[in-house]
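Let's take a friendly look at the empty spaces inside a protein. Please have the model open as you read.

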Amino acid sequence: MITVSLISLGCAKNLVDSEIMVGHLHQAGMKVIPDAERADVVIVNTCSFIDSSKEESIGHILEVHENRGLRKRRREQKLIVAGCMSQRFSKDLSGSLPEVDAFIGLDQITKVAPIIEQIFATERADKDAPASFVTPRSSFIPDYDTPRFRLTPSHFAYIKIAEGCNHPCTFCIIPQIRGRHRSRTVASVVAEARQLVAEGVREINLISQDTTFFGMDTWEERPNPRTPVDSTRGTALTSLLRELNAIEGDFWIRILYTHPAHWSDELIRTIAECPKVVRYVDMPLQHISDRMLKLMQRETSGDYIRNLVRRIRAGIPGIALRTTFIVGFPGETDADVDELCEFVKEARFERLGVFRYSQEEGTRASKMEEQISPKEKERRWHRVMALQKDIAAEVSASSVGRTVRVLVDEAGVARAEADAPDIDGRVYVPRELPVGRFAEVLINAYHDYDLLALPRGQVPAEYKVAKQAQ
Ligand code: F3S
C-alpha cells in the first residue's frame with residue numbers, strides 16, 4: 001500500500017484543498033501518514049501570497065528532499081509540489097527545483113491518486129525535468145459530495161462556498177492563481193453544512209476569496225465585468241445564511257473574508273436576525289485614504305468605508321469587527337498613514353492585523369514608482385500596531401465581568417464568538433470543561449488579546465484582573 005504524507009501551508013482555502021487531496025487518497029486505498037520521513041510520497045501544498053510564504057514553501061520542499069537523501073531507504077521517495085506556488089510558477093520552478101518529481105495545480109487535487117500511480121510507473125532519469133500536471137486558468141470548485149477528509153479538530157470545519165476572485169486589487173496575485181470567481185449553489189453548501197452538523201461540528205467557517213460575492217457571478221452577465229455589482233439587490237449570501245441558520249442543532253456560523261464593496265443593508269439585517277451567525281465580521285479594508293484605495297483599486301472610498309462601519313455597528317449590536325490594513329504601498333505618504341491612524345482610533349476595531357506591502361511579481365503595484373523602503377514600511381507598521389495594542393487591551397478589558405459563550409478547542413483553551421480559529425485570541429477556561437462543546441464562562445482577567453475565565457487563585461501574574469472580578 002502506498003503511504004503519503006502531506007504538508008499543508010498557507011490559508012484555510014489551501015487547507016480545504018489539502019483535505020480534498022487526503023479524501024481522494026483514502027478513496028484510492030492509499031494510506032496517509034503524519035511522518036514525512038516514512039512516507040513513499042510527500043506532497044507539499046504550497047502558498048505563494050507574498051515573498052515570505054514562497055520562502056516558507058521552498059524551505060519545506062528542500063527539507064523534504066534533504067531528508068530523503070540522508071536516509072538510504074527513502075531515496076525512492078517521491079516529492080510532489082501542489083498548491084498556489086505550483087499553480088503560479090510551475091514552469092519556472094521545474095528548472096530551479098529539479099529535486100521535485102512532479103508539480104500539480106489547483107485543478108488536479110481530485111486527481112492526485114492517479115498522478116501518484118503514474119509517477120511510480122514512469123522511469124525518471126536524473127537529468128529529466130520534473131513532470132508538470134498543472135493546467136492554466138483554474139476552474140475547479142468542490143461540491144458537497146467531493147471526497148474530503150477533514151484536518152481540523154472534529155468540532156470545527158471550513159466550507160469553501162466559492163473559489164477564485166474577480167477583484168482588480170493591484171497588489172494581489174491571488175486572482176491570477178485561483179482564477180475567476182465561481183460560486184457553489186446555496187443547496188450544495190447547505191447539504192454540506194447539514195452533513196457536518198450531523199457529524200457533531202459546532203462551528204462552520206464559510207470561506208472563499210470574497211464571501212460577499214457569493215452567488216453574484218451567477219447573475220446576468222454584466223457588459224463589463226469591472227462594472228461594480230449593484231449591492232442594493234441583496235446577495236445570495238443572505239439566502240445562504242438564512243438557510244444555514246434554519247438547520248437544527250447547536251452550532252454557530254462564521255463568515256470570513258468579506259469585501260467592503262459588496263456589503264448591503266440586507267446582509268447587515270440578515271446577520272442581525274440569524275442567531276446562529278456569530279457577531280463577528282472579517283472585512284479586510286487595506287486602507288482608508290482615498291489616494292491609496294484608488295491606487296490599490298479597492299472599489300471603495302474612505303467615506304464609503306466609514307459609513308459602512310457605522311451601519312454595521314448600528315445594525316448588529318455587539319459585533320466584533322476584524323480587519324487588515326496594508327502599510328508601505330507604493331506612493332503612500334506620511335499624511336496617508338496619519339489618516340489611517342486617525343481611522344484606527346475612531347473605528348476601534350476589535351481585531352486588527354497590519355501587513356507590510358510586499359512587491360509581488362506579476363501584479364500592477366509591483367511596477368508602480370515610489371516603492372517604499374523596507375525600513376520605512378517597518379516604521380509605519382510599528383506605528384499602527386502600537387496604536388492598536390492599546391485599543392486591543394481596552395477591548396479585552398471591557399469583556400471582564402461578562403459572561404460569554406465559548407467553544408472549547410482543547411483542555412483549558414476556548415474561543416468566543418469574536419475569535420476565529422488560528423487568527424484571533426483565546427479564552428483560557430477550567431480544564432474540566434468538555435472539549436468540542438459550548439460553555440458559558442465568566443471572564444475575570446485579560447492579557448493583551450487573550451481572556452481568562454479561571455478561579456482567582458489560578459490567574460497567572462501577567463494577567464490583569466479587573467476590580468469587580470477580584
Ligand atoms: Fe491562500 Fe496563499 Fe494561495 S494565502 S489562496 S494559499 S497564495
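What follows is a short tour of one pocket and one cavity in this predicted model.

## The second largest pocket

The second largest pocket encloses about 670 Å³ of space. Its lining is made up of 31 residues, and those closest to the centre are I173, P175, Q176, I177 and G179.

Two helices deserve a look here: α3 (83-96) and α5 (174-178) each give at least two residues to the lining of this pocket. The largest share, six residues, belongs to α3. By residue type, the lining of the second largest pocket splits into 12 polar, 11 nonpolar and eight charged residues.

## Where the pocket sits

Why does the second largest pocket lie between domain 1 (3-132) and domain 2 (156-397)? Both domains give residues to its lining, so the pocket lies between them.

## The cavity

Now for the enclosed space. With a cut-off of 30 Å³ or more, the count comes to one cavity. The largest cavity has a volume of about 50 Å³.

You can find the lining of the largest cavity by selecting D17, L106, D107, I109, S138, F140, P142, K160, E163, R178 and R182. Six of the lining residues are charged, four are nonpolar and one is polar. Domain 1 (3-132) and domain 2 (156-397) each supply at least three residues to the lining of the largest cavity.

Terms used
Residues numbered from 1 in each chain as written. Predicted model: local features only at pLDDT ≥ 70, side-chain atom pairs only at ≥ 80, totals over all residues. Heavy atoms only, no water. 1 Å grid on protein atoms, 1.4 Å probe; cavity = no way out; pocket = protein on both sides within 12 Å on 5 of 7 lines; lining within 4 Å. Points joined across faces, edges and corners; volume = space filled by probe spheres on them. Helix = DSSP H or I, 4+ residues; strand = E, 2+ residues; numbered from the N terminus. Nonpolar A, V, L, I, M, F, W, Y, C, P; charged D, E, K, R; others polar. Domains from an automatic or database assignment.
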